[in-house]
Amino acid sequence: MRVTVTINRRPEIADPEGATVMRALHELGYTEAATVRMDRVIHMEVDGDDADEVRSRVEEMCRQLLANPVLEDFEVEVAP
Amino acid sequence: MRVAVAVFPGVNCEHDVVYALRALGAEAQLVWHRETDLSDFDGVILPGGFAHGDYLRTGAIARLSPVMAEVERMAKQGAPVLGICNGWQMLCEAGLLPGAHIANRDLTFICRFVEVEVVDARSCLTAAARPGQRLSIPLNSYQGAWVDPTRSGRVVLRYVEDPNGSQERAAAVTNERGNVVGVMPHPERAMEDVLGSSDGQTLIEGFLASLVPA
């Protein structure tokens, strides 16, 4: 099954890269860009038939390795 | 007194660390990250570099290496465990020190001497220093800013001037017991005046003074 994992840095943790990209957008005149966060997306193909089970396994992978619980939250999307 | 210096693929400061330890009379030995037995050693140092290419996050892959189980055992037993730069990032990822590291505030790789002040001498890094003492040590990192939302780490070295946005201007942090320390600047690169500073000796001496026979 196709799985998309989005790793989001928690809003309270600084994101200097996102801040720099936002300043660059403002330089170009896109002053409406109010926040920019450089999240990461991981695309996976995961063996399994049961979407709920695949999701729960991938969430486990996030907690154990893919996301750092100090800095990041994650969202798991399993393609239907 | 024997110190293990763990070598991960992509680490690049291991020989400097061995040199620094031997210069002060200690017995130091490189051990590969697949090593599963460090029972012959009284302490361990995780040197700096880019273990496993810093893929995913700095230290995230390295903490899965077999040697880390031994590092954890030694940390729990109270033996001195020191992570320098990338080594500190590994200790955070392994949960042996609180917090994590993010990119420097100004998104620059910082490579220069910085002044740090000893704020707490109760750690295996600062045991031979006195509070208030200032040391000149080279910083060499990109993911150098430490963040700890739990505020549970005890800062032992603080930057005199903030170079990277590290929380509490922390340059080195220890656990409650003081035997596990992470430090961002490189004491092993400040061992002789000809290198620009010999202030690193005080820190390596503190580590050696903290060793007790296994």
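The following paragraphs describe the sheet, the helices and the chain contact of a predicted model.

In chain A, three strands form an open sheet in the order β2-β1-β3, and their pairing is antiparallel. The edges of this sheet are occupied by β2 (40–45) and β3 (72–78) of chain A, each of which pairs on one side only, and from one strand to the next the twist averages 20°. Strands of a sheet pair through backbone hydrogen bonds, in either a parallel or an antiparallel sense. Between strand β1 of chain A, which comprises residues 2–9, and β2(A), the antiparallel pairing extends over six bridges; within these strands, Thr4(A) is placed opposite His43(A), a residue of β2(A).

Two helices of chain A may be considered next. Helix α2 of chain A (residues 51–66) lies across β1, β2 and β3 of that chain, and its direction makes an angle of about 155° with β3(A). For helix α1 of chain A (residues 16–27), a span of 16 Å is expected because its twelve residues should each contribute at 1.5 Å a residue, with the expected span taken as 1.5 Å times one less than the number of residues; the C-alpha atoms at the ends of this helix are 17 Å apart, which agrees with that expectation. Just after α1(A), the backbone at Gly29(A) adopts a positive phi of about 100°.

The contact between the chains involves ten residues from chain A and eleven residues from chain B. On the side of chain B that touches chain A, the residues comprise seven nonpolar, two polar and two charged.

Definitions and conventions
Residues are numbered from 1 along each chain as its sequence is written. Chains are lettered from A and ligands numbered from 1 in the order in which they are written. This is a predicted model: local features need pLDDT of at least 70, side-chain atom pairs count only at pLDDT 80 or more; totals for chains, interfaces and linings use all residues. Two strands pair if DSSP finds at least two bridges between them. Helices (H or I, at least four residues) and strands (E, at least two) are DSSP runs, numbered from the N terminus. Axes are lines fitted to C-alpha atoms, for helices over the stretch in contact, and angles run from 0 to 180 degrees between N-to-C directions. Two residues are in contact if their C-beta atoms, placed from the backbone, lie within 7 Å. Ala, Val, Leu, Ile, Met, Phe, Trp, Tyr, Cys and Pro count as nonpolar, Asp, Glu, Lys and Arg as charged, and the others, Gly among them, as polar.
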